[in-house]
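Here is a walk through one protein chain, from the overall layout down to a few single residues. Have the sequence and the 3D view side by side as you read.

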Amino acid sequence: MAGLEGIGQPRGQGRATAARWSPAVEDERALKAIELFGDPTEAEVPLPSRPESAAAARRLTQIVVLRHWGLSPKMTEDAVLLVSELVGNAVRHTGARVFGLRMKRRRGWIRVEVRDPSRGLPCLMPVQEMDLSGRGLFLVDKLSDRWGVDLLPRGKTTWFEMRVADR
C-alpha cells in the first residue's frame, strides 16, 4: 500500500530523522496517518499487514488518545505501546493481508481493538527477565485493566481496555 513512507520512518533517512524529532513533527505525522487511513474512532481502519503499519497504528493511537480524547501523556504512552504489541502479533502470527484497528471510548473506559482474519488464539506465555520475545501479551496483561479475544465467524478481535477518569 502506498503512503506508508512518512508515516513510519522515510526510506533512507535512518538516524538523521530521529535527530529531527519534535512533538510538532510527531503531531503532523499522526494527523497525516488519520488523513491517509481514516479515524479509528469513527470506523475500523484497515491497515496492511506489514511491519511498518505498526508505526501508523501507534500514530493513530497517539492522536486519538492524547489529542482527541485529552488523556494523560502516561495513558497515551501505555496505549501506544499496547496497540503496537497487538499490531505486531497480527502482523507476525496471522498470515493476514490486512488487519483492522478500532478505538472506542465510553464512560470511564477506552477500548482498542485489532481485528484479523485468523481464528488462532493469542497465548499469554510466562515471561522470564532475559526473554527477548514473547513479551507482547505479558505487557498487555500488565498495563491494561482488562483484555481479551472475541472470536468472529471469520477471524477474531483482540482488544484491551483501560480505565480512564472522565472529566
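What share of the 167 residues of the protein chain counts as buried? The figure is 46%. Keep in mind throughout that this is a predicted model.

## Overall layout

The protein chain has 5 helices and 5 strands. Going along the sequence, they come in the pattern α-α-β-α-α-β-β-α-β-β.

If we take contacts in the protein chain between residues at least 6 apart in sequence, 65% of them join residues at least 24 apart. As for the outside, the accessible surface of the protein chain is about 9500 Å², and carbon and sulfur atoms account for 53% of that.

## The main core

The largest nonpolar core is made of 34 residues. Leu47, Leu60, Val87, Leu101 and Ile110 are the ones with the most contacts inside it. Two or more residues each come from α2 (23-37), β1 (45-48), α3 (53-68), α4 (73-93), β2 (98-106), β3 (109-116), α5 (136-143) and β5 (155-163). Helix α4 gives the largest share of this core, with 8 residues.

Leu60 is a good place to zoom in. Setting aside neighbours within four places in sequence, Leu60 is in contact with Ala33, Ile34, Phe37, Gly38, Pro40, Val45, Leu101 and Met103.

## Helix α3

Now for α3 itself. 12 of its 16 residues are buried, so α3 is largely enclosed by the rest of the structure. The buried set includes a run of alanines, Ala54, Ala55, Ala56 and Ala57, and among the others are Arg59, Thr61 and Gln62.

How far apart are the end C-alpha atoms of α3? They are 21 Å apart, which agrees with the 22 Å that 16 residues should span at 1.5 Å a residue. After α3 comes Gly70, which has a positive phi near 65 degrees.

## A closer look at Val65

Val65 sits in helix α3. Its relative accessibility is 0%, so Val65 counts as buried. Not counting residues up to four places away in sequence, Val65 touches Gly70, Leu71, Met75, Thr76, Ala79 and Ile110. That list takes in Gly70, the residue with the positive phi, and Ile110, one of the residues with the most contacts inside the largest nonpolar core.

Val80 is 15 residues away from Val65 along the chain, and their C-alpha atoms are separated by 8.7 Å.

## Strand β5 and its partners

Which way does β5 run relative to β3, parallel or antiparallel? The two are antiparallel, joined by 8 bridges. One pairing to look for is Arg115 with its bridge partner Thr157 in β5.

Strand β4 (residues 146-152) also pairs with β5 in the antiparallel sense, over 7 bridges. Here Leu151 stands opposite Lys156 of β5. A hairpin of 2 residues makes the link from β4 to β5. Burial fits into this picture too: 8 of the 9 residues of β5 are buried, so the strand is largely enclosed by the rest of the structure.

## Out in a loop: Pro126

For a contrast with Val65, try Pro126, which is found in the loop between β3 and α5. Is Pro126 buried or exposed? Its relative accessibility is 68%, so Pro126 counts as exposed.

Phe138 lies 12 residues from Pro126 along the chain, and the C-alpha atoms of the two are separated by 7.7 Å.

Key:
Residues are numbered from 1 along each chain as its sequence is written. This is a predicted model: local features need pLDDT of at least 70, side-chain atom pairs count only at pLDDT 80 or more; totals for chains, interfaces and linings use all residues. Side-chain values use heavy atoms; hydrogens and water are left out. A nonpolar core is a set of buried Ala, Val, Leu, Ile, Met, Phe, Trp, Tyr and Cys residues joined through side-chain atoms within 4.5 Å. Buried means under 20% relative accessible area, exposed over 50%, partly exposed in between (1.4 Å probe, protein chains only). Helices (H or I, at least four residues) and strands (E, at least two) are DSSP runs, numbered from the N terminus. Contact means heavy atoms within 4.5 Å. Two strands pair if DSSP finds at least two bridges between them. The expected span of a helix is 1.5 Å times one less than its number of residues. Accessible areas come from the Shrake-Rupley method with a 1.4 Å probe; for residues, only the protein chains shown count as cover.
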